[in-house]
Every structure is written in C-alpha cells, then in structure tokens.
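Q: Could you take me through the place where the ligand sits, step by step? I'd like to see what surrounds it and how the space is lined.

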Amino acid sequence: MTTITASEEQRVLDNVPKRLYIGGEWRDGSKGTFSVEDPAIGEPLCEIADASADDAKAALDAAVEAGAHWSQHPPRERGEILRRAFEAIIAREDELALLMTLEMGKPLKESKAEVAYGAEFLRWFSEQAVRIEGRYAVAPNGQGRLLTMQQPVGPCLLITPWNFPLAMGTRKIGPAIAAGCTMVVKPAQLTPLSMLALAKILEDAGLPSGVLNLVSATSSGETMGPLIADPRLRKLSFTGSTEVGKKLMEQASDNLLRLSMELGGNAPFIVFDDADVDDAVQGALIAKMRNIGEACTAANRFHVAESIAGPFAEKLAEKLGAMKVGRGTEDGVDVGPLIDQSQRSKVTELVDDAVGRGARPLVGGHAREGAGYFYDPTVLADVPDDANLLREEIFGPVAPVRAFDDEDEAIAAANATEYGLVAYVYTSNFKRALRVCERLETGMVGLNQGMVSNAAAPFGGIKQSGFGREGGPEGIQEYLETKYVAVNL
Ligand code: NAD
C-alpha cells in the first residue's frame, strides 16, 4: 500500500453528490451549505447542502408518495436492487474507503473493512426480501381460519451517527428496502459523505424515486422534530447516544412510532485465569482499537483475573505502544485521529480523572501536539473503583485494566453499568463460558473473540443500550407489521 496523493483525494471528493436527495432529485438545501472537516488535519474537505425543516418535510412527502407503489413492488426486484448496490459498493471499495477515511479519520484498512461490512447488510437483506412470510392455521375450535401476513411498516425516519458512516446506514436502509418501506435518511453532520455516496449508488442500482430520501442538516432537532411529529411517519430507527435516543423516544411517543434504538455502550472485557493470555491480548486489541476506540462495541473496561492481570496489562501496553498513530491515508497507520476536539477533550478528562484517583499509565495518557485530534493509545493499570471512565463511554483509544478474584466478582463488575450492549469473555473452560454468557446483562457476547459484528446476526442491546435488532433474520422484522385476518369458513 502506498500513501494516497492529494489529487486522488480530490477526485474522490469530487465524485460525491453534495446536495439533498429528495423524490429522486438532487437539490440545494434551503439553508445553504455547511463544511465537512478532515479530523486528521482539522481543515474543511468540502461543502454540502444544509436542509431546513421544509426540506425535511419535502423528503417525507416524497417518501409518503412513493410508499403506495413501493410496498407493492415485487420482493425479488427489491432484493435485486440491493444486490446490485452491494456489487457496486464492492467494485468501488477503494474509493469509498478513502472517502470514509477523509471524513471520519480511521485508517484506510479499517475503512475498507467497514465498506465490506456495510455492503454485507445489503447482500444479506437482498436475500431476506423474498423470505417475508405469513401463517395459515386452523382455529383451535375448528370453526375458522387464522391468517397472518407481514406488511411494510410504512415511511421510516433513519438517523445515524458519525462513527460508522456507511454501515450504520446500510443496517437500516437494507432491511427497510427489503421490507417495502420508504424512508428519510439523516446522516450525522460530521460524516455525511459516505451516505451521500451510498444514495447515489442506490439510485444507479435502480431504486425508484422517493423510496430513499436523504437530508443532511446542521440543525438536527429543528429539521427532524417536525418529521417525528408528523402523523404520516410510522417508524423511527435511531443509532446514536443514549441521551439523544431518550429525547427522540419522548418525541416519538405522541404518534406512538415504531422504534429501534441502537444506543451507547460500556462493554466489559473479562479474562479468566484459564484463558490463553496471548489470545486474549489479541482479542483485546481488536475490541479496544477498532475504529480508534470510537465504537459502541468498544471494550470500555478490562476485568482480568488477579493472577494474570499484570502480564495481560503489560502485553496489551506493548501492543498499543507499537501502533503507528497518524492520518489514516498514510501508509502503515494503525490509529487515526478522534473525530473532533470535543471528543478528544472528553477522553483527556476521563484519563486525567482516572490518573488523579491513582490509575497508573503503562503507555500513552496524552493528547498529541499539532494539527488534528490525535490521542495516544493508552493502557491504565490499577484503575480504582471510583474512576469515571469505568462508568462512562470513553470513545477513544484508552484501556483501563482492573483485577478480580473470582467468577462472581467478575460478573458483578461486568454488569455494574446502566448499559447492556456487548461483553467479551475469554476462557478455555466450556462450562464456565456458557455459565458466564447466560449471566451477562447484554444483548451480545463475544466469546473468545474481540468482535461480534456480522450482518447475519442480530446486533443490539438491552438496558440503556436500547432495543431492536439490526442484521440477522431479526433485522427485517423491525420494518414489518403483522396483520391477522380472522377467516370465517
Ligand atoms: P448523537 O446521539 O450525538 O447523534 C446521532 C445522530 O442523531 C446524528 O445524526 C445527530 O445529528 C442526530 N441528532 C442529534 N440530536 C438530535 C435531535 N435532537 N433530533 C434528531 N436528531 C438528532 O451520537 P453520535 O455522537 O453521532 O454517535 C456516537 C454515539 O452513538 C455513541 O454513544 C455510540 O455508542 C452510539 N452508537 C451506537 C451504536 C449501536 O448500534 N448501539 C452504533 C454506533 C454508535
């Protein structure tokens, strides 16, 4: 791999449509434009359309209008549009990865992995589109028949975060298209470019006008509030922070919208004394450092058996210390910048708080001087109970390590959080593995592996990590209603 040139970067940026996509037309935003920044240098990349509340309403109008025919569109054809889009993404993997690195900062190899992961949802749901089924049953008294059918929910609002600019979109768009729903998509203001590129790919793949409408905006509350209050909207699927998710849930209660809430996390990573320490360190590296630690699934706390906590922390520090930090477009870079100054300040505060309370940095512990929002990969040993980063989502390359004495203590520590998205468990004892998986209060568990994401599996959380599942056979159910017909024979 060689370092990308400035003209290659410009070409990729030039290829992205920069306007709103409403009813099959690319149009200007009523509020002018806003700029998207490269977090590695802190400078603008390009300007894109800024939508007003009226633009958002026009997007919902288009979604409502397209809904009647789209819900009747043959499922096979809905699937084939998704399949063509999947293939187009794979064919343009390098270009889309570069675009993602420019707007979000992660190293190119990680952007490529997200492009492949994001595309996979379109392939998976292209296969699910033709598997929407109902039931026919004889009523228990033998007198009538019970018919159930599954129908599209209707117009959906899909709101996504900045940390996975493509995959957080395809996890919603794929099943919505497969189910026969129309939609308004609102990407994160910080990273809208990948979603704009995706909208163009879906248009080129033959998605009819109005099925997907894209609205980029600087004022998310002002543009989205009226849509959530509009009685024509039927569903809101949101990925983002728990704080915003709760607010939106409150707003959505007026119209009793169907909801999917993919919210924040605080994942524990548990290593038992019977685990292979090198394997666990390798898994920890993935669970912590994927996406520069800016993932809802990022391991937020490492709970390690007392007898191996020291060697585990030392080995992890050695690995993190060897990672190359830099702009994601540069050759050999492992760790890119954080998304912005406010995210970096939050990470700095959390680390300073832990160190102030007695945690011991084995490596890192500082923001980098100079342009961009870089923070050094950090391992903290002997993290005390009252350190804030044990309770809050860190969203950065920081690994706090704590020791535990026995299984009960490990599980109690893992569950001592309001969040419940994912946990990671390393053990070679099969009975213990199942016992612990059953007792963890999370929607997902990585058992002897540091990553759970898979388009064929149900991704989602419990507790304050939200509800609803994306991916797997469950994913399309979020976009379907069950209708029961009582048949008199
Ligand atoms: P955020 O909650 O700040 O924003 C998410 C989206 O909501 C953005 O598009 C934003 O513009 C929009 N938004 C914000 N306020 C709004 C309002 N009042 N009305 C309508 N829309 C509004 O989150 P973020 O900082 O973009 O993303 C990071 C968070 O996302 C983390 O907490 C992370 O854990 C979470 N996340 C969860 C998952 C999951 O699947 N559970 C996946 C990725 C990220």
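A: Let's start with the elements that build the shell around the ligand: α6 (167–179), α8 (220–229), β10 (235–239) and α9 (242–252) each supply at least two of its residues. The top contributor is α8, with three residues. Keep in mind that you are looking at a predicted model.

Now for the residues themselves. There are 28 around the ligand, and those that come nearest are Thr160, Lys186, Ser241, Leu263 and Glu393. Sorted by class, the shell holds 15 nonpolar, nine polar and four charged residues.

Next, zoom in on some atom pairs. At threonine 160, a backbone N or O atom lies 2.7 Å from an oxygen atom of the ligand. The side chain of arginine 171 has an N or O atom 2.8 Å from a ligand oxygen atom. In serine 220, a side-chain N or O atom is 3.5 Å from a nitrogen atom of the ligand. On its own, the ligand has 850 Å² of accessible area, and the protein covers 87% of that.

Finally, step back to the space itself. The ligand takes up the largest pocket, which holds about 1000 Å³ of space. Its lining counts 41 residues, with Trp162, Phe238, Gly240, Ser241 and Val244 nearest the centre. Two or more lining residues come from each of α8, β10, α9 and α12 (341–356). For this lining, α9 gives the most, with six residues. By class, the lining has 16 nonpolar, 15 polar and 10 charged residues.

Notes
Residues numbered from 1 in each chain as written. Predicted model: local features only at pLDDT ≥ 70, side-chain atom pairs only at ≥ 80, totals over all residues. Heavy atoms only, no water. Near = heavy atom within 4 Å. Polar contact = N/O pair within 3.5 Å; in protein donor to acceptor, adjacent residues only side chain to side chain. Areas by Shrake-Rupley, 256 points an atom, 1.4 Å probe, with all protein chains shown as cover. 1 Å grid on protein atoms, 1.4 Å probe; cavity = no way out; pocket = protein on both sides within 12 Å on 5 of 7 lines; lining within 4 Å. Sits in = over half its atoms within 2 Å of the grid points. Helix = DSSP H or I, 4+ residues; strand = E, 2+ residues; numbered from the N terminus. Nonpolar A, V, L, I, M, F, W, Y, C, P; charged D, E, K, R; others polar. Points joined across faces, edges and corners; volume = space filled by probe spheres on them.
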